[in-house]
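The following paragraphs lead the reader through one protein chain, from a definition to the whole and then to individual residues. Please keep the sequence and the model in view while reading.

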Amino acid sequence: MNRSEARKVVPLGETAVVVHLGDTISEGLHREVQALTRRIETNPFQGFVECVPAFTTVTVFYDPFELDLPPMETGRSDYVRSILEAYLADIQETPEAEPVVIEIPVCYGGEFGPDLADVASVNKLAIEDVIRIHTGQNYLVYAVGFAPGFPYLGGLDERIAAPRKQTPRLAIPAGSVGIAGTQTGIYPVETPGGWQIIGRTPLALFMPDQDPPALLRGGEYIRFRQIDAAEYEQIKGARA
C-alpha cells in the first residue's frame, strides 16, 4: 500500500474529523503531518476551529454551524471531508531546512533523577553511559499533548530503553525527564506518572500566561545537555 492509499478522512463526532496519513511512525510521515497542518492553518475553510497534529494523524475541529454548506449539502462531516481531501491532493512537504534544535539543560541523577541508577542497571550500563547516550543525539518533537506542553519525542537509543514503573508515582515534579520503553519525554507540569525519572530541567515547558504557552512545537528538535546542581539553581533562579 502506498502513502496515497493509506490516507483517509473519518468523522469524529459532529465537530471534528481525523485525517489518517499513514500507519508507520517516521520522520517522512511527520513532515506530511506538518505540511497538511500548515496547509489548513494558512488556508482555513469557513468554520475551521483548530488542528491537532499527532504521530500519523491530523484531527481537524470545526464549528458545524459556521460551515459554508452548498444548498443541497446535508452531511457536514462529508462536506468537511471533501475539503480536506482536496487539501490532501496538493500538499507538499516543505524542503528540508536546517532543523531548529532547542537545547534542554538537565541535571541527572540524585534527587532530580531517582531512577537513573535503575535505568543503568536494567541495561547493564554505567550511569555515565546512560547520560552520555541520552545527551548524544537530537530528538524530533513529533507532537505536543497528553499534558499541556508535553513533547512526544522520537529517537531514543534502545540501549537505554527501560520499562515503565510497576507502581506509578502520585506526583512527578514539573521538568522531570523520563524514559518509558523506547520513549523519552519531559513532564511540563506536576502530574502522576509511571516513567523512569532520570533527571530534571530547570526550564519551563508550559507557560499559560505566554503566547504560545508551550516551549516546544511539533517539527522542532531538542538536545539534552548535562548540567550540575549549581547551574540548575542558577537557571531556575533566572526564571523567577
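Two residues are said to be in contact, or to touch, when heavy atoms of theirs lie within 4.5 Å. With this in hand, one can read the surroundings of D115: leaving out residues up to four places away in sequence, D115 touches K165, R169, W195, Q196 and I197. The model in which these contacts are found is a predicted one.

The surroundings of D115 may be described further. The residue is placed in the loop between β5 and α4. Is D115 buried or exposed? Its relative accessibility is 2%, and D115 therefore counts as buried, since the term applies under 20% relative accessible area. One of the residues that D115 touches is R169, and the side chains of D115 and R169 are joined by a polar contact of 2.8 Å.

The chain as a whole may now be considered. It comprises 240 residues, of which 45% count as buried, and it has six helices and 13 strands. Taken along the principal axes, the box filled by its C-alpha atoms is roughly 65 × 45 × 40 Å. The accessible surface amounts to about 12600 Å², and carbon and sulfur atoms contribute 51% of that surface. Among contacts with a separation of 6 or more, 60% are between residues 24 or more positions apart. The chain carries 20 positive and 32 negative charges, and the mean positions of these two sets are 5 Å apart.

Among the strands, β5 offers a suitable place to begin. This strand covers residues 101–108 and pairs with β13 in the parallel sense over seven bridges. Within this pairing, V106 has Q226 as its bridge partner, and C107 has I227. Strand β5 also pairs with β12, here in the antiparallel sense and through two bridges; Y108 of this pairing has G199 as its bridge partner in β12. How many of the eight residues of β5 are buried? Six of them are, so β5 is largely enclosed by the rest of the structure.

Strand β13 leads onward to β6. Residues 139–144 form β6, which runs antiparallel to β13 and is joined to it by two bridges. Y139 stands opposite I222 of β13, while L140 stands opposite Y221 of β13. On β6, five of the six residues are buried, so this strand too is largely enclosed by the rest of the structure. A further partner of β6 is β7, residues 151–154, with which β6 pairs in the antiparallel sense over four bridges. In that pairing A143 stands opposite Y152. The hairpin of β6 and β7 has six residues between the strands, and F146 takes a positive phi near 70° in this hairpin.

Ahead of β6 in the chain is a loop that connects α5, residues 127–134, with β6, and Q137 is found there. Apart from its neighbours within four places in sequence, Q137 is in contact with G155, L156, D157, I222 and R223. One of these residues, I222, is the residue of β13 that stands opposite Y139. Between the C-alpha atoms of Q137 and G181 the distance is 18 Å, and the two residues are 44 residues apart in sequence.

Attention turns next to the loop between β12, residues 196–200, and β13, residues 221–227, where T201 lies. Which residues does T201 touch, not counting those up to four places away in sequence? They are I104, P105, V106, G175, V177, I186 and Y232. T201 has a relative accessible area of 1% and is therefore buried. Its side chain reaches the backbone nitrogen of L203 at 3.2 Å. P212 is placed in the loop between β12 and β13 as well, and the peptide bond from D211 to P212 is cis, with omega near 0°.

As a general matter, most residues other than glycine have a negative phi, and most peptide bonds are trans. K124, a residue other than glycine, has a positive phi near 55°. It lies in the loop between α4, residues 116–122, and α5. With a relative accessible area of 76%, K124 is exposed, whereas D115, in the loop between β5 and α4, is buried at 2%.

Methods: Residues numbered from 1 in each chain as written. Predicted model: local features only at pLDDT ≥ 70, side-chain atom pairs only at ≥ 80, totals over all residues. Heavy atoms only, no water. Buried < 20%, exposed > 50% of the residue type's maximum accessible area, 1.4 Å probe, protein only. Polar contact = N/O pair within 3.5 Å; in protein donor to acceptor, adjacent residues only side chain to side chain. Areas by Shrake-Rupley, 256 points an atom, 1.4 Å probe, with all protein chains shown as cover. Lys, Arg positive; Asp, Glu negative; His and termini not counted. Charge placed at Lys NZ, Arg CZ, Asp CG, Glu CD. Pairing = 2+ DSSP bridges.
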